[in-house]
Amino acid sequence: MPRRINLHVPLAGARDLSGQIHRRIRQAILDGLLEHGQLLPSTRDLAGQLCVSRTTVGTAYDRLLAEGLVKGRVGVGTFVTASPARRSRTAPPPSPLRPARLWATLPTSRGPAGTDVRFDLRPARPDPWQFPFATWRSELSRHTNADTLRSADGPGGVGGPAALRSALARHLGVVHGIDAEAEDVVVTTGSRQAVELAARVLLEPGDLVAVEEPGHRDVAALFTSLGLRVVPVPADGDGLVADAIPPGVRCVYTRPARHFPLGLTMSDGHRRALLDWAARAGGVIVEDGHDGEFRHVGRPLDPLRALDPSGRVLYVGSLSRLLRPDVRVGYLVAPAPLHDALHKARRVLDPSPPTPVQLAAAAFVRDGQLSRHVRRMRAVYAQRRERMIGAATRRLGEHVVVHPAPAGLDVPALFRDPRLDDVEVARRAATAGVSVAAISDLTLTGRYRGLLLGFGALPADRVDEAVTLLRLAVETP
């Protein structure tokens with residue numbers, strides 16, 4: 001049986017109350033706000049809510065019944081019926097409000113088409129179907145009760161439940177060699193919020209922030225929206241060039257484990273040079289550990305945070321990139337002098353991930369489920385990566401240069417002909433059923449053109465067909 005709805009019926013004055021109620025409900029039905037089959041409040045409930053008599057409400061309902069807009073069922077209540085007189089809602093008057101000038105000029109990536117396509121080649125997308133649903137559902141159920149929710153609140157709760165912060169600190173120490181205590185970890189809704197927290201606590205409006213070029217356009221837009229000045233720093237084959245950081249830069253944002261979008265890994269020499277810059281210039285490094293767990297070629301390299309002797313590196317990570325995009329749990333690892341300010345900023349920004357999700361994530365990390373999942377998926381993604389590189393080289397090699405990124409869930413394919421419009425190619429591909437990202441749409445300057453071929457969410461046996469459709473999209477005039 002349908003549930004009764006809560007109906008908002010504001011009344012003006014004390015005259016013609018029954019008529020006012022009738023007109024309000026009638027208009028809601030005609031505007032489509034109340035749909036066929038919905039159960040209206042009982043006359044007793046609505047009368048109590050509006051502080052009028054049941055007779056007044058009953059008279060309004062009788063008029064609606066006579067007009068064929070509702071019908072009554074004995075012992076059940078009054079239902080909305082479809083009305084042949086239904087019309088579209090009246091457009092609201094135009095608002096004089098306008099956004100600040102910044103938002104009219106701020107470039108952000110449009111991103112590829114969503115999931116309503118046959119082939120999902122979006123970058124940095126883990127395979128949602130490989131996620132251990134049964135284990136996760138069990139943990140969520142176990143932590144969705146009054147006792148565990150109550151125990152999650154308490155001293156230090158702003159940074160996230162102690163269980164999750166402790167589990168993440170141990171995980172980072174074992175897997176990445178990062179020496180951190182639970183108190184150093186602040187839980188966020190994702191890596192982007194972690195970057196925002198770091199910027200808000202460390203920087204003032206007008207400060208210079210350096211980002212890699214090519215680099216992620218949306219991260220640069222985030223810094224700009226906070227009133228910071230963004231300067232691009234070139235990245236060569238070994239990563240960001242520290243000697244090219246201009247004077248006056250307060251902060252450098254970098255992805256040394258897997259450069260975005262070109263896929264290269266920062267060499268040990270470039271890492272040392274960047275740490276030397278921070279010590280010499282009194283700067284700070286925000287290190288995004290994006291895709292560090294999924295390294296397919298060569299030995300794992302130490303994060304900057306593990307090499308940092310002076311406490312000038314903040315480490316950003318996310319469980320969403322390892323598990324599922326909708327598991328919105330990220331984290332920031334920061335030195336002790338920043339803890340209090342970060343907790344204040346965290347409270348101001350809000351919201352945090354739902355507590356049951358945080359507690360389930362804590363158990364998932366603590367019990368080794370995360371490590372087991374990553375090990376299993378590393379083998380799966382390695383196979384898909386090889387399949388994607390091979391298919392793109394064979395079928396698209398005439399048009400692109402494929403860069404076999406050693407880590408991550410996507411490989412860049414740069415156009416040989418710089419006149420090709422990668423945004424238009426991506427649009428044609430989406431029309432053909434392939435969701436893929438245009439590289440120029442993701443970077444600051446748009447100087448690089450090509451496609452970022454994600455393989456994480458696409459089974460290996462579907463790669464060839466997807467790349468064949470991409471070739472058609474490239475070659476279509």
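At what angle do helix 8 and helix 12 pack? Keep in mind as you look that this is a predicted model. Find helix 8 at residues 191-202 and helix 12 at residues 339-349; the angle at which they pack is about 120 degrees, and their axes lie 10 Å apart. Angles of 65 to 115 degrees would count as roughly perpendicular and those over 145 as roughly antiparallel, and helix 8 and helix 12 are therefore oblique to each other. If you turn the model around, you can check the handedness too: helix 8 passes helix 12 in a right-handed crossing. On the helix 8 side, the contact is made by Gln193, Glu196, Leu197, Arg200 and Val201, while helix 12 brings Ala341, Leu342, Ala345, Arg346 and Leu349. Sort the residues of this contact by class and you get 6 nonpolar, 1 polar and 3 charged.

Now go back towards the start of the chain for another pair. Helix 1 (residues 17-30) packs with helix 3 (residues 54-66) at an angle of about 45 degrees, with the axes 8 Å apart. That angle makes helix 1 oblique to helix 3. The way helix 1 passes helix 3 is again a right-handed crossing. Helix 1 makes the contact through Leu17, Ser18, Gly19, Ile21, His22, Ile25 and Arg26, and helix 3 through Thr56, Val57, Thr59, Ala60, Tyr61, Arg63 and Leu64. This time the classes come out as 7 nonpolar, 5 polar and 2 charged residues.

So much for the helix pairs; what about the gaps? Rolling a probe the size of a water molecule over the atoms shows where empty space is left. Start with the largest pocket, which holds about 600 Å³ of space. It is lined by 22 residues, and those closest to its centre are Pro123, Ala124, Arg125, Arg192 and His216. Its lining is a mix of 7 nonpolar, 8 polar and 7 charged residues.

The second largest pocket has about 420 Å³ of space. Here 25 residues form the lining, with Val175, His176, Gly292, Glu293 and Pro300 closest to the centre. Helix 7 (162-176) and helix 14 (369-396) each supply at least two residues of this lining. Which of the elements gives the most to the lining of the second largest pocket? That's helix 14, with 4 residues. By class, the lining of the second largest pocket has 9 nonpolar, 8 polar and 8 charged residues.

Finally, look for the cavities, where the probe fits but cannot get out. The count comes to 2 cavities of 30 Å³ or more. About 70 Å³ of space lies in the largest one. Around the largest cavity you'll find Gly289, His290, Asp291, Glu293, Tyr315, Val316, Gly317, Ser318, Arg321, Leu322 and Tyr331. Strand 10, at residues 313-318, gives the most to this lining, with 4 residues. The lining of the largest cavity splits into 4 nonpolar, 4 polar and 3 charged residues. Glu293 is worth a second look: it is among the residues closest to the centre of the second largest pocket, and it also lines the largest cavity.

The second largest cavity has a volume of about 40 Å³. Val211, Glu212, Gly215, His216, Tyr253, Arg255 and Phe260 line it, and they divide into 3 nonpolar, 2 polar and 2 charged. His216 turns up twice as well, here in the lining of the second largest cavity and among the residues closest to the centre of the largest pocket.

Definitions and conventions. Residues numbered from 1 in each chain as written. Predicted model: local features only at pLDDT ≥ 70, side-chain atom pairs only at ≥ 80, totals over all residues. Heavy atoms only, no water. Axes fitted to C-alpha atoms, helices over the stretch in contact; angles between N-to-C directions. Parallel < 35°, antiparallel > 145°, perpendicular 65-115°, else oblique. Left-handed = near helix turned anticlockwise from the far one by under 90°. Contact = heavy atoms within 4.5 Å. Nonpolar A, V, L, I, M, F, W, Y, C, P; charged D, E, K, R; others polar. 1 Å grid on protein atoms, 1.4 Å probe; cavity = no way out; pocket = protein on both sides within 12 Å on 5 of 7 lines; lining within 4 Å. Points joined across faces, edges and corners; volume = space filled by probe spheres on them.
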